[in-house]
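Subject: Handing over the model

Hi there,

Here is the structure I promised to pass on to you. Please open it alongside this message, and my notes on what turned up will follow underneath.

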Amino acid sequence: MKIAIGTDHGGLELKAILIEALSSIATVIDMGPNEKKSCDYPDFAGAVARKVSSGEVDFGILICRTGIGMSIAANRFQNVRAGLCHTTETAVLTRQHNGSNVLCLGADIVSSEYAVEIAKTFISTPVDADQRHARRRAKLERAARLSDCSGLAAYDSEIYEAIVDQTTQEDEEINLIASENFSSRACREAAGSVLMNKYAEGYPAKRWYSGCGPVDKVESLAIERAKALFGAEHANVQPHCGSAANMAVYFACLKPGETILSLSLDQGGHLSHGSSVNFSGKLYNIVPYFVDKKTETLDYDELEKKALEIKPKILLSGASAYPRAIDFKRIREICDKVGAIMMVDMAHIAGLVAGGAHESPVPYADFVTTTTHKTLRGPRGGLVLCKEKWAKALDSAVFPGMQGGPLENIIAAKAICFKEAMSDDFKAYAAQVVKNCRVLCETIKARGYRIVSGGTDNHLFLVDVKEKGLTGKDAAAALDAAGIVVNKNAIPYDTESPFKTSGIRIGTASVTTRGMKEGEMIKIGTMIADVLDCIADDKIIARVKAEAKALVSAFPVP
Ligand SMILES: *Cc1c(COP(=O)(O)O)cnc(C)c1O
């Protein structure tokens with residue numbers, strides 16, 4: 001057991017006595033101070049609270065004259081529950097009921113012998129063994145998530161209420177939207193930070209504004225981490241979103257009217273790959289390729305034939321709704337054969353690529369674009385990676401070509417996301433996303449639903465609901481009413497309109513981030529099939545909704 005202990009000038013003697021008394025049962029880390037000079041309690045509360053918050057120690061002990069200032073200061077830290085105890089009874093109760101992990105003591109209130117007794121009681125009392133107070137502790141966690149905007153609550157109740165609603169929705173629904181995820185608290189802190197206030201047109205050390213020292217550090221870190229994470233020669237972290245990242249690549253190497261060969265939107269492509277209502281379709285000559293009608297997967301020989309015939313300037317791969325692995329090596333061969341620039345939009349699978357659960361396009365492609373908020377689990381934003389020879393053209397396409405000042409607060413959150421994605425935890429997450437997806441897909445398939453292409457290799461799959469007489473729109477609405485959120489999605493060669501569609505798209509990134517595994521996927525797959533089997537049955541929908549809420553309550557959103 002590890003305990004961090006700290007005090008202000010009012011508790012030096014008691015600190016020494018507690019260290020002496022506890023060192024036979026725990027490793028006690030003395031966070032100071034070590035001389036009797038006036039000092040500020042928040043400094044030492046922060047030092048101890050950070051150790052508890054990060055999980056480095058099991059408990060914290062903080063002393064000041066009353067213990068009140070220490071408890072106020074410590075409770076401002078994530079994961080910290082500081083309890084101010086003047087008796088052994090309160091020590092027992094705050095452990096059992098509140099799950100306290102920091103003990104605050106008043107050196108002027110309790111004798112030193114009694115303080116030792118309180119501390120021993122505190123660290124030996126288990127948290128709520130029968131889970132009687134679990135519901136209330138869950139509400140404490142929720143309050144912690146909302147405390148990020150407690151200042152705004154007083155100023156703008158309308159916006160605050162919407163944030164509370166979003167928090168409730170995240171807490172209570174099973175989110176299977178393939179393009180969504182839950183960012184970490186660290187990401188959200190950076191995104192809401194004062195970095196938002198800085199104008200920084202240009203690039204690190206080459207800015208059009210003064211005072212860019214701090215943001216230069218931020219953006220350089222983001223660039224270096226992006227390059228290291230994906231093994232890229234060059235990175236531009238400024239694009240505001242995935243569509244802007246794609247625009248930057250087109251601007252870097254195409255003239256208006258030149259040709260892009262890209263996967264058709266209604267077969268899993270993206271708006272920014274050449275839809276006629278998007279800038280890409282208006283500015284460039286877009287030629288779509290299609291999946292094979294029978295296998296519903298990419299046919300690389302057909303793609304090669306088409307590329308040879310069309311001679312595109314860019315051959316674009318990557319998709320929003322393609323459930324299979326993409327063979328980037330084969331696509332490189334095609335590009336070399338026809339002299340096309342190879343561009344891969346890995347927006348959906350970037351987290352799998354980062355975590356080693358999908359082959360990386362980076363060694364093959366001239367340009368790789370991505371969003372940072374899908375499987376990669378960072379802030380809403382874009383990123384472009386490219387070979388060194390394209391670096392200058394890319395950077396000037398982003399700025400001054402299409403954007404003004406970069407969002408350095410979001411770039412800081414991207415840097416955090418890249419750091420997180422280099423961890424072993426993230427590798428485990430990426431592998432689990434794919435495992436979960438397979439199990440969820442197989443569960444629904446076993447209930448008689450047709451899966452587009454027969455299965456999945458990544459984080460998503462498509463269910464053809466038309467075979468069961470449903471539209472994607474009605475299926476998604478029934479599931480939504482049951483607390484399970486998916487989206488309607490066209491399937492290859494769909495005969496329904498894009499507003500109705502014949503399919504639903506299901507993804508497992510969000511539920512995996514919450515910590516769910518194969519067992520939960522079987523439960524969720526069964527719930528989905530129960531609803532789809534009779535979408536007009538309100539009783540079943542109500543039952544599944546209660547089941548969904550109960551299931552997610554054990555998997556807190558970060
Ligand atoms: C989501 C997505 C994008 C664009 O993302 P935005 O940030 O919404 O602009 C681009 N390409 C693909 C393949 C996507 O799935």
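One definition before the ligand site: a polar contact is a pair of N or O atoms within 3.5 Å of each other. Please also keep in mind that you are looking at a predicted model.

**The ligand site**

Let me begin with the bound molecule. The ligand has 14 residues around it, and Gly242, Ser243, Ser320, Asp345 and Lys374 are the closest of them. Two serines each bring a polar side-chain atom up to a ligand oxygen: for Ser320 the distance is 2.7 Å, and for Ser243 it is 2.7 Å as well. Asp345 deals with a nitrogen atom of the ligand instead, with an N or O atom of its side chain 2.5 Å away. On its own the ligand would expose 380 Å², and the protein buries 85% of that area.

Which helix gives the most to the shell around the ligand? That is H11, spanning residues 242–253, which contributes three residues. Sorted by class, the shell holds nine polar residues, three nonpolar ones and two charged ones.

**The largest pocket**

The largest pocket offers about 960 Å³ of space. Its lining is made up of 31 residues, and those nearest the centre of the pocket are Gln166, Glu170, Asn181, Ser183 and Arg188. Four helices supply at least two lining residues each: H6 (134–146), H8 (157–172), H9 (185–191) and H17 (408–421). The largest share comes from H8, with five residues. As for the make-up of this lining, 14 residues are nonpolar, nine are polar and eight are charged.

**Ser184**

You may like to take a look at Ser184, which sits in the loop that runs from strand E6 (174–175) to H9. Is Ser184 buried or exposed? Its relative accessibility is 16%, so Ser184 counts as buried, as the cut-off for buried is under 20%. There is also a long-range neighbour to point out: the C-alpha atom of Ser184 is 8.2 Å from that of Cys417, although 233 residues separate the two along the chain.

**Enclosed cavities**

How many cavities of 30 Å³ or more does a search of the whole structure find? The search returns three. The largest cavity holds about 100 Å³ of space. It is lined by 16 residues, with Gly318, Ala319, Tyr322, Ile326 and Ile349 closest to the centre. Nine residues of that lining are nonpolar, five are polar and two are charged.

The second largest cavity comes to about 70 Å³. Here the lining has 14 residues, and Gln267, Ala321, Pro323, Leu462 and Pro492 are the closest to the centre. By class, this lining has nine nonpolar, three polar and two charged residues.

**Backbone details**

A few backbone features are left, starting with the cis peptide bonds. Gly32 and Pro33 are joined by a cis bond whose omega is about 0°. Pro33 belongs to the loop between strand E2 (27–30) and helix H2 (41–53). The bond from Phe399 to Pro400 is cis too, and its omega is near 10°. You will find Pro400 in the loop that links helix H16 (391–398) to H17.

Next come two residues with positive phi. Arg377 is not a glycine, yet its phi is positive at about 70°. Arg377 is placed in the loop between strands E14 (367–371) and E15 (382–386). With 18% relative accessibility, Arg377 counts as buried, because the limit for that label is under 20%. Thr501, again not a glycine, has a positive phi of about 65°. The loop that holds Thr501 lies between strand E19 (487–489) and strand E20 (503–507). Thr501 has a relative accessibility of 2%, and therefore counts as buried.

If you want a place to start, I would suggest the ligand and then the pocket. Happy browsing, and do write back with any questions!

Warm wishes

How values were computed: Residues are numbered from 1 along each chain as its sequence is written. This is a predicted model: local features need pLDDT of at least 70, side-chain atom pairs count only at pLDDT 80 or more; totals for chains, interfaces and linings use all residues. Side-chain values use heavy atoms; hydrogens and water are left out. A residue is near a molecule or strand if one of its heavy atoms lies within 4 Å of it. A polar contact is a pair of N or O atoms within 3.5 Å; within protein, one must be able to donate a hydrogen and the other to accept it, and residues adjacent in sequence count only if both atoms are side-chain atoms. Accessible areas come from the Shrake-Rupley method with a 1.4 Å probe; for residues, only the protein chains shown count as cover. Ala, Val, Leu, Ile, Met, Phe, Trp, Tyr, Cys and Pro count as nonpolar, Asp, Glu, Lys and Arg as charged, and the others, Gly among them, as polar. On a 1 Å grid over the protein atoms alone, a cavity is a set of points where a 1.4 Å probe fits but cannot get out, and a pocket is an open set with protein on both sides within 12 Å along at least five of seven lines; lining residues have an atom within 4 Å of a point. Grid points are joined across faces, edges and corners, and a volume is the space filled by probe spheres set on the points. Buried means under 20% relative accessible area, exposed over 50%, partly exposed in between (1.4 Å probe, protein chains only).
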